[in-house]
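Hello,

Here is the structure I promised to pass on. Please open it alongside this email and follow the residues as you read.

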Amino acid sequence: MKVAVAGCCHGALDKMYETLELLQRRHNVRPDLLLCCGDFQAVRNEADLRCMAVPAKYRHMQTFYRYYSGEKKAPVLTVFIGGNHEASNHLQELPYGGWVAPNIYYLGYAGVVQFRGVRIGGISGIFKSHDYRKGHFECPPYNQQTIRSAYHVRNIEVFKLKQLKRPIDIFMSHDWPRSIYHYGNKKQLLKMKSFFRQEVESNTLGSPAASELLQHLKPTYWFSAHLHVKFAAFMQHETNSKEELPKATKFLALDKCLPHRDFLQIIDVEHDPNAGESLEYDAEWIAVLKATNSLVNVTQSSWNMPEKNGLHAKWDYSVTEEAIKEVLEELNHDLKIPCNFTLTAACYDPSKPQKNMEPVHTINPQTTEFCARFGLTDINDRIQQAKEEGSGRGEYEEEEEEEIDSTGSAEEPSEYNTDNSGLSSFNPDEIMLDEEGGDEDLSTCSVDPSPDHPPEFSTSFSDIRIMPDSMAVSSDDAMDSNNEELDKSGGSKQVEEKSSTERSLKRVGGDENGNSGIKKIKRRNQAIYAAEDEDKTD
């Protein structure tokens, strides 16, 4: 079957689906499935905009609300993960995944589903070590800290995914697995994005948690976004025994969704011709959720997952074939995910803007139904109970960001020795989430919808690239031809001015590095958007 893969959507659903329709008209190619690797921005109304961690000037309603209201319907089944620029309050309603609109499915904090026999997994958010070992404690209304920590990857989600034993066909993460750039054309990458050099050379670019999952899951395909650059790699995994067959992962990072940018990829994936046409639960994943349910935590205290270190009575939560069989029997062997989408918030009305709409903590009926069906803890219900009991477990204590070392939490060291959720170098294709004027950021938004007129597309049709089955990229030399195409598609036209790359970025609170006297770069969760000149032409 044909699978379309998109990078950061940034709420431009009309643009994305129009591009797919253009693909069908011009090339007679119709994807069976669309995957989006984060920054989807499922914004329903003005309150959702307040829960999106971007400066106020970048808060635009875009077009998702039209699909949420039913005015439009996604023309192809769409499955996405969360990034670091989302309506966090909306996605938080569906920690185990669910429908955000008809035909548009969110995988949750982490999840695995099946479509036509193809196993598709993913993990939402980006890595930040000082939040990695906390529970999911955040809830709206968010403050300056929780509006960001809400989308930070947690160790429990990585732990759950590491319990999987059956092969994964496709996996998605928003930020790149750390070190993946060593398996592709680094020279071309650094030519296009010279400001990556420091992280690449120190091997700190990307997520160590995603790298851990890549080495464990060994999926056939791994797709990412976040850094707004097209990059392919081919990773041959080491075998654990002579009997084990060698495995390899074809990695692809996608550009952001903009006209004249190579933001869509079409791949052919082997599927089960006898499988149904509906999105389905994955029985092993459901069994893992049931097995790890006792580990659910809604506090902000740092804690470690069980491991074989003498401190835990149980550390292996992988499931047996018998447990998987029990799940199948519970479902009467009907794994179809019910189409139970429900409106849980008012939809944006362009004729009646409500700029003062406040976000509220919502218990989504889909999550309630899912948890009841499989005997799982409803995380949001647990947070709500904690708030009502006055325990404070669901509230974020104010803490000075500058007092948190970038290598871990304030209380305990992180299991990873570096903290990287993006770039520490200045990126002309990004903007920093400046804490100054933060209160204004949480209350200010623009509700101007995107234009109703379809965008003008390049006659060269560079928005889409159809990838052959092989997608073979095994070395820097083999990558040269692929990345030469990126130059043609406009990806290498980014201008990196020396004065920009040498700019000293300030850390929150204006901390100084006592050793060098130079202001330390604060590795904030960076808003990755188009450069100003691209925005003007969009």
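Below is what I found, starting with the whole chain and then going site by site.

**Overall**

Please keep in mind that this is a predicted model. The chain has 538 residues, and 60% of them are buried. It holds 18 helices and 14 strands. Contacts across the sequence are frequent: of those between residues at least 6 apart, 81% join residues at least 24 apart.

**Ser173**

Start with strand β8, residues 170–173, where you will find Ser173. Is Ser173 buried or exposed? Its relative accessible area is 1%, so Ser173 is buried, the cut-off being under 20%.

Two side chains make polar contacts with the side chain of Ser173. One belongs to Trp222, at 2.9 Å. The other belongs to Ser224, also at 2.9 Å. Beyond four places in sequence, Ser173 touches Cys37, Ile81, Ile123, Trp222, Phe223, Ser224 and Ala225. Ala253 is 80 residues from Ser173 in sequence, yet the two C-alpha atoms are 9.7 Å apart.

**Asn185**

Next, move to the loop between β8 and α8 (186–192), which holds Asn185. Asn185 has 2% relative accessibility and therefore counts as buried. Which backbone atoms does the side chain of Asn185 reach? The backbone nitrogen of Lys187 is one, at 3.3 Å. The backbone nitrogen of Gln188 is another, 3.0 Å from a polar atom of that side chain.

**Helices α11 and α12**

Two packed helices are described by the angle between their axes and the distance between the axes. Here the helices are α11 (residues 283–291) and α12 (residues 321–330). Their axes lie 8 Å apart, at an angle of about 105°. That falls in the range of 65 to 115 degrees, so α11 and α12 are roughly perpendicular.

Which residues meet at this contact? From α11 come Ala283, Glu284, Ile286, Ala287 and Lys290. From α12 come Ala323, Ile324, Val327, Leu328 and Glu330. Seven of the residues in this contact are nonpolar, three are charged and none is polar.

**Helix α13**

Helix α13 covers residues 365–374. Its buried residues are Gln366, Thr367, Phe370, Cys371 and Phe374. Seen down the helix axis, these fall within an arc of 125°, so they line one face of α13. The spacing fits a general rule. An α-helix has 3.6 residues a turn, so residues three or four places apart point the same way.

What does the buried set of α13 pack against? The partners are β4 (98–101), β13 (279–281), α11 and α12.

Look at both ends of α13 too. Asn364 caps the N-terminal end, with a side-chain oxygen 2.8 Å from the backbone nitrogen of Gln366. After the helix comes Gly375, with a positive phi near 70°.

**His361**

His361 sits in the loop between α12 and α13. Its relative accessible area is 16%, so His361 is buried under the 20% cut-off. The side chain of His361 makes a polar contact with the side chain of Asn380 at 3.0 Å. It makes another with the side chain of Gln384, at 2.9 Å. Setting aside neighbours within four places, His361 contacts Gln92, Cys139, Pro140, Asn380, Ile383 and Gln384.

**Backbone points to check**

Pro140, one of the contacts of His361, is also part of a cis peptide bond. That bond joins Pro140 and Pro141, with omega about 0°. Pro141 lies in the loop between α5 (129–132) and α6 (146–149).

Two residues other than glycine have a positive phi:

- His10 has a phi of about 55°. It is in the loop between β1 (2–6) and α1 (13–27). At 9% relative accessibility, His10 is buried.
- Gln62 has a phi near 55°. It is in the loop between α2 (46–50) and α3 (64–69). At 21% relative accessibility, Gln62 is partly exposed.

If you have time for one site, try Ser173, with its polar contacts to Trp222 and Ser224.

Best wishes

Notes
Residues are numbered from 1 along each chain as its sequence is written. Side-chain values use heavy atoms; hydrogens and water are left out. Helices (H or I, at least four residues) and strands (E, at least two) are DSSP runs, numbered from the N terminus. Buried means under 20% relative accessible area, exposed over 50%, partly exposed in between (1.4 Å probe, protein chains only). Contact means heavy atoms within 4.5 Å. A polar contact is a pair of N or O atoms within 3.5 Å; within protein, one must be able to donate a hydrogen and the other to accept it, and residues adjacent in sequence count only if both atoms are side-chain atoms. Axes are lines fitted to C-alpha atoms, for helices over the stretch in contact, and angles run from 0 to 180 degrees between N-to-C directions. Angles under 35 degrees count as roughly parallel, over 145 as roughly antiparallel, 65 to 115 as roughly perpendicular and the rest as oblique. Ala, Val, Leu, Ile, Met, Phe, Trp, Tyr, Cys and Pro count as nonpolar, Asp, Glu, Lys and Arg as charged, and the others, Gly among them, as polar. The arc is that of the directions from the helix axis to the C-beta atoms.
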